[in-house]
Amino acid sequence: MKATMRRTTSGLLIVGTLSGCTAWRTQNVPVTEVLARNPEVVRVSTADSSGITVFSPKIQNDTLTGFPTDLAIQRVNVPVRDITGVSTRYKHIGKTLLAGLAILGGVAVYGLLQTLNAVQ
């Protein structure tokens, strides 16, 4: 029973990490081209060196509009002329694999310690 429970728990942890660790990738194209791909979220850099994360981004006239969080009600507006850079989120395979290996290592060490305790 304990072995089945451990396998189930470790399986759930591994599946949880498969959803992926994300990172930001700077795009070297204008913000209008990035938004043509309909990303869920973008991070923009502005002329005053501030960074703004925008969920559900859209271009309306000459302004990038969206929400500061995925649950926000109040929109954030950034003039396109003030945007100096744009980044999009992507799944980072290396980080995901590293997290999965760390979880597997933790489960293996826990199992080893349990068997050492049972030897007495």
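Modeller: One cut-off before we dive in: a residue is called exposed when its relative accessible area is over 50%, and buried when that area is under 20%; partly exposed covers what falls in between. Also, keep in mind that this is a predicted model.

Biologist: Got it. Why is Asn61 called exposed?

Modeller: Its relative accessible area is 80%. The cut-off for exposed is over 50%, so Asn61 counts as exposed.

Biologist: And where does Asn61 sit?

Modeller: In the loop between S3 and S4. Those two strands form a hairpin with two residues between them. Asn61 is in that turn, and its phi is positive, about 60°, although Asn61 is not a glycine.

Biologist: Which residue in strand S3 has a positive phi without being a glycine?

Modeller: Ser56. Its place is in strand S3, and its phi is near 50°.

Biologist: Why is Ser56 called partly exposed?

Modeller: Ser56 has a relative accessible area of 41%. Buried needs under 20% and exposed needs over 50%; 41% fits neither, so Ser56 is partly exposed.

Biologist: What about Pro68, which has its place in the loop between S4 and S5: why is Pro68 called partly exposed?

Modeller: It's that argument again: Pro68 has a relative accessible area of 41%, and partly exposed is the label between the 20% and 50% limits. Leaving aside neighbours within four places in sequence, Pro68 is in contact with Thr53, Phe55, Gln74 and Val76. Pro68 and Val41 are 27 residues apart in sequence, and their C-alpha atoms are 9.6 Å apart in space.

Biologist: Now the opposite label. Why is Thr46 called buried?

Modeller: Thr46, found in strand S2, has a relative accessible area of 8%. The limit for buried is under 20%, so Thr46 is buried.

Biologist: How do you know that the side chain of Thr46 makes a polar contact with the side chain of Asp48?

Modeller: The distance is 2.5 Å, and a polar contact takes a pair of N or O atoms within 3.5 Å, one able to donate a hydrogen and the other to accept it. A polar contact of 2.7 Å also joins the side chains of Thr46 and Ser50. Not counting residues up to four places away in sequence, Thr46 touches Ile52, Val78, Asp82, Ile83 and Thr84.

Biologist: Thr88 is found in strand S6. Why is Thr88 called buried?

Modeller: Thr88 has a relative accessible area of 12%. Buried means under 20%, so the label holds for Thr88. The side chain of Thr88 makes a polar contact of 2.9 Å with the side chain of Gln27. Beyond four places in sequence, the contacts of Thr88 include Trp24, Val34, Pro39 and Val42.

Biologist: What makes S3 and S4 a pair of strands?

Modeller: Two strands pair if there are at least two bridges between them. Four bridges join S3 to S4, which run antiparallel, so they pass that test. One bridge sets Lys58 opposite Thr65 in S4. Thr65 also has a bridge partner in S5, Asn77; S4 and S5 pair in the antiparallel sense over four bridges. On the other side, five bridges join S2 to S3, again antiparallel, and Val42 stands opposite Val54 in S3.

Biologist: What order do the six strands of the open sheet have?

Modeller: S1-S6-S2-S3-S4-S5, with antiparallel pairing.

Biologist: What makes S1 and S5 edge strands?

Modeller: Each of them pairs on one side only. The twist averages 45° from one strand to the next.

Biologist: Why is strand S4 called mostly covered?

Modeller: Four of the five residues of S4 are buried, and each of those has under 20% relative accessible area.

Biologist: Last one. What makes a group of residues a nonpolar core?

Modeller: They must be buried, of nonpolar kinds such as Val, Leu and Ile, and joined through side-chain atoms within 4.5 Å. The largest such core here has 11 residues, among them Leu35, Val42, Val54 and Leu64. Helix H2 gives the largest share, three residues. Leu35 touches Val42, Pro57, Lys58, Ile59 and Leu64, leaving out residues up to four places away in sequence.

Definitions and conventions
Residues numbered from 1 in each chain as written. Predicted model: local features only at pLDDT ≥ 70, side-chain atom pairs only at ≥ 80, totals over all residues. Heavy atoms only, no water. Axes fitted to C-alpha atoms, helices over the stretch in contact; angles between N-to-C directions. Buried < 20%, exposed > 50% of the residue type's maximum accessible area, 1.4 Å probe, protein only. Contact = heavy atoms within 4.5 Å.
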